[in-house]
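Thank you for sending this one over for comment. My remarks follow as numbered points, and it may help to keep the structure open while reading them.

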Amino acid sequence: RVALILAALIAVAAVAIAVMRSRGGGESAAPATPSGGPEQPAGDLGSMITQLEKKMAANPGDPNGWNLLGLSYYNVGRYKDAVQAYSKATALDPKNPTYWSALGEVQLLTGPGGVTPESEASFRKALALNPKDYRARYFMGVKKDSDGDHEGAVTDWIRILKDSPPGAPWEQPVRDAIQNVAGANKIDVSGRMPPPAAA
């Protein structure tokens, strides 16, 4: 349960990165909120989703549009709708690893709990396209932990910390996951984790 709660936290960080990339990643990008989406007045989120839905109805061949719609559904907890949106994004652009890892995440959130075979398949596709995809790597670590391979999960998460850029927004949630799983299973991680990186 702890790992899955922390999974939600890192998912938020990964989504924030996706938003910044979709907007060009420069200084002109809209600031991300703690929920991972661009800063929007609360009352505008529903109208934004409606506008995106109309846009995609008129232009269904735009994979990034489906990606943004999936992200919008994610932010309001409409995970089944997000699965449909991300599925369309991956169908239109099957070589985009971010779409696959996002799809895997919402498939997980609509499942019975834990990394389902369906979400695992999506994460594996993401990793086949980009072995460094942090979201997919994290959730595959969650699967190892739930399968009883606690040492393997901790090792994978430590590798994420070592590979992450300085100040990565998912750094602290990953550290928390390592400490919780290692503590619960008496795994010695002293000297194995890199020091916290400055942004």
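1. I160 has a relative accessible area of 0%, so this residue is buried; in this predicted model, I160 sits in helix α8. Leaving aside residues up to four places away in sequence, I160 touches Y134, R137, Y138, W170 and V174. One of these, Y138, is 22 residues away from I160 along the chain, and yet the C-alpha atoms of the two are separated by 7.7 Å.

2. It is worth stepping back to the whole chain at this stage. The chain has nine helices and zero strands, and the order of elements from the N terminus on is accordingly α-α-α-α-α-α-α-α-α. Of the 199 residues in the chain, 45% are buried. Among contacts in the chain with a separation of 6 or more, 52% are between residues 24 or more positions apart.

3. Which residues touch the most other members of the largest nonpolar core? This core holds 44 residues, and the ones that touch the most other members are Y138, V154, W157, V174, I178 and V189. Several helices contribute to the core, since at least two residues come from each of α2 (45-58), α3 (63-75), α4 (79-92), α5 (97-109), α6, α7, α8 (150-163) and α9 (171-184). Y138 and V174, listed here, are also among the residues that I160 touches.

4. The aromatic residues deserve a point of their own. A pair of aromatic rings is described by the distance of the centres and the angle of the planes. A search of the whole structure finds five such pairs. In one of them, the rings of Y74 and Y79 have centres 6.0 Å apart and planes at 65°, and because an angle over 60 degrees counts as edge-to-face, the pair is given that name. The two partners are not alike in their exposure: Y74, at 9% relative accessibility, counts as buried, whereas Y79, with a relative accessible area of 27%, is partly exposed.

5. Another pair has a different geometry, since the rings of F123 and F139 have centres 5.1 Å apart and planes at 10°, and the pair is therefore stacked, the cut-off being under 30 degrees. F123 lies in helix α6 (residues 117-129) and F139 in helix α7 (residues 134-146), so that the pair links distant parts of the chain, 16 residues apart. Both F123 and F139 are buried. Ring pairs also join F123 and F139 with Y138 and W157 into a cluster, and Y138 and W157 are among the core residues that touch the most other members.

6. How do neighbouring helices lie against each other? Two packed helices are described by the angle between their axes and the distance between the axes. For α5 and α6 the angle is about 165° and the axes are 8 Å apart, and these two helices are therefore roughly antiparallel to each other. Their crossing is left-handed. The contact is made by P97, W100, S101, L103, G104, E105, Q107 and L108 on the α5 side, and by E118, S119, S122, F123, K125, A126 and L129 on the α6 side.

7. α5 also packs against α4, at an angle of about 155° and with the axes 9 Å apart, which makes α4 roughly antiparallel to α5. Here too the crossing is left-handed. From α4 the contact involves Y79, A82, V83, Y86, S87, A89 and T90, and from α5 it involves Y99, W100, A102, L103, V106, Q107 and L109. A student may notice that W100, L103 and Q107 of α5 appear in this contact and also in the one with α6.

8. Two charged residues make a useful exercise in reading accessibility: is E171 buried or exposed? E171, which is found in helix α9, has a relative accessible area of 12% and is therefore buried. Not counting residues up to four places away in sequence, E171 touches L161, P195, P196 and A197. K186 is found in the segment after α9, and at 79% relative accessibility K186 counts as exposed.

9. The backbone at K186 should be looked at as well. Most residues other than glycine have a negative phi, and most peptide bonds are trans. The phi of K186, however, is near 55°, a positive value in a residue other than glycine.

Notes. Residues numbered from 1 in each chain as written. Predicted model: local features only at pLDDT ≥ 70, side-chain atom pairs only at ≥ 80, totals over all residues. Heavy atoms only, no water. Phe/Tyr/Trp six-rings, centres within 6.5 Å; stacked < 30°, edge-to-face > 60°. Buried < 20%, exposed > 50% of the residue type's maximum accessible area, 1.4 Å probe, protein only. Helix = DSSP H or I, 4+ residues; strand = E, 2+ residues; numbered from the N terminus. Core = buried A, V, L, I, M, F, W, Y, C linked by side-chain atoms within 4.5 Å. Axes fitted to C-alpha atoms, helices over the stretch in contact; angles between N-to-C directions. Parallel < 35°, antiparallel > 145°, perpendicular 65-115°, else oblique. Left-handed = near helix turned anticlockwise from the far one by under 90°. Contact = heavy atoms within 4.5 Å.
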